[in-house]
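Me: Please take me closely through one part of this model. I would like the strands and their partners, step by step.

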Amino acid sequence: MRETRAGLALMNISELARWMTSGGDARIILDAVSGLNRYHSAPYPRDVLAFASSTANDLSGDAMAFLESEVGDTAAMLESAPAYDAYLDQLRARISNAYRLPAGTDIFFAPSGTDLEYVALLAVAQRKANGISNLLLGADEVGSGCIHSAAGRYFANETALLADVRPGQDIDGLPPIVMGDFPVRNPEGEAFDSATLTIQMESAIAGALADSRFPLVHVVHGSKTGLVLPHLDDIDRLQSRFGDDVAFVVDACPARITTQAIHDYLARNIIVFLTGSKFMGGPPFSGFALLPDGLVGAAAPLAKGMATIFRRAEIPAGWAGREHFGDDGNAGLALRLSASLFELERFQSLPFERVERGVTAFNAAASQLAERLRARKVAAATAEDAGEEAGHPIEMQTLVTLDLCHDASGTGSRSLDFEAAVAIHKAMIADGVRLGQPVRCVKLADGRWGATLRVGLSMPQVVMLDQMDDAALKAWLDAAMQRIAASLLPRLASA
């Protein structure tokens, strides 16, 4: 393990928690004073009010109990190749069972969602003479480090395997990569509709092919504000026109996605990215890519530089070049993944109507919070799809983005900018209230980005709410929203 782990020995946290701060980049390292990472979360249970599943979670008490029962004091064994290999195969089986994955689906593990971008690049490497055109949708509403990783570059000063790299440094062995971006919102902060985005994608795909570059197109299923774009029928039209000359990957990293939606994407040979640390409710950070049947066998040999990021066991068997990767273990990643899958399995076992009951109650309580704050809920669907939110409770109703600058009618209520929201978000943490970080999706009259905060439900919370009767459920949510308002209102008044 890294030297940084030694400094954690002075902290009063469990051995399992210490292991979960290893095997990733600096984002998982805990501050020696606060005991939290840079997102103010931790891989151990804490007594705080958290609706921060759009950013990062603390480990739940139930998940910690599960790990203690399953692993106990034997976590160090997962640093060995045989144990790690066998454990990840068990995790693959758990994911497959939880999502009822189609036969032949492969699973590629990664230390974070940002690292998953490399998987998509590897999947389409060497398909065209001049490399790859990586076409991102909503780069402003996905992880900030993805701009580097999607370009085939390191995004931090370290990886899960290497401690001396530079953000923006090219990774050895990848083909040339040209980046493209389709903004998901216009300059006023309004989401583009699917038809508009599809026209832009069609033009970019054709342009890439004309330059002998292979187009890799990202779509989003649950952006930072819950958007799902483009529509499946628009993806079908693009696939019908370009066939095997285009590949799609869906960024569903927040994991606000149904089993059926995953199946719909895989049936179209689309790679699906998921992480365990957002809606899934696991500790930060972990990720996995679902790869359609046949992709691994058809892929080019793994780029040499990927051996600085991935271990052999994390790569699906059968991928050419896998044998050249390091054959050791990563106990931290294994534990983070297992805790996340514990939450996923509990959530997936609930009947959908029970899930919908809890989500609907949460959304109603969040709407009342918005009214009390004189804030507006940012739409999680485009204007043309205004009715979609009710039909997609998992994707669009488990995350409420509060526009703190406008009321429900759209009338300006405050002139707070994005930086003010960042300060408010941080100050609320001192009150023991954690919300999702601000996101740039609202414009002020003078053109500045306005203040937002996000209130996000998590799988563990849905499971908890399911155990309550209707009266207790409403009482708990009302009390939670009142506590958020009590922390937030004085800061809005004084800002």
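Reply: Two strands pair if DSSP finds at least two bridges between them, and the strands themselves (E, at least two residues) are DSSP runs, numbered from the N terminus. The model is predicted, with local features needing pLDDT of at least 70 and side-chain atom pairs pLDDT 80 or more, while totals for chains, interfaces and linings use all residues. Residues are numbered from 1 along each chain as its sequence is written, and side-chain values use heavy atoms, without hydrogens or water.

Let's begin with strand 9, which covers residues 287–291. Strand 2 (residues 106–110) is one partner, running antiparallel to strand 9 over five bridges; in that pairing, Phe 108 is matched with Ala 289 of strand 9. Strand 8 (residues 271–275) is also antiparallel to strand 9, joined to it by four bridges, and here Thr 275 has Gly 287 as its bridge partner.

Now look at the two faces of strand 9. Gly 287, Ala 289 and Leu 291 are buried on one side, and Phe 288 and Leu 290 are buried on the other (buried means under 20% relative accessible area with a 1.4 Å probe, protein chains only). Because five of its five residues are buried, strand 9 is largely enclosed by the rest of the structure.

Further along, you can follow an open sheet of three strands, antiparallel and in the order 10-11-13. Its edges are strand 10 (376–377) and strand 13 (452–456), each pairing on one side only. Strand 10 and strand 11 (residues 399–403) are held in antiparallel pairing by two bridges, and Arg 376 finds its bridge partner in Asp 403 of strand 11.

Key. Buried < 20%, exposed > 50% of the residue type's maximum accessible area, 1.4 Å probe, protein only.
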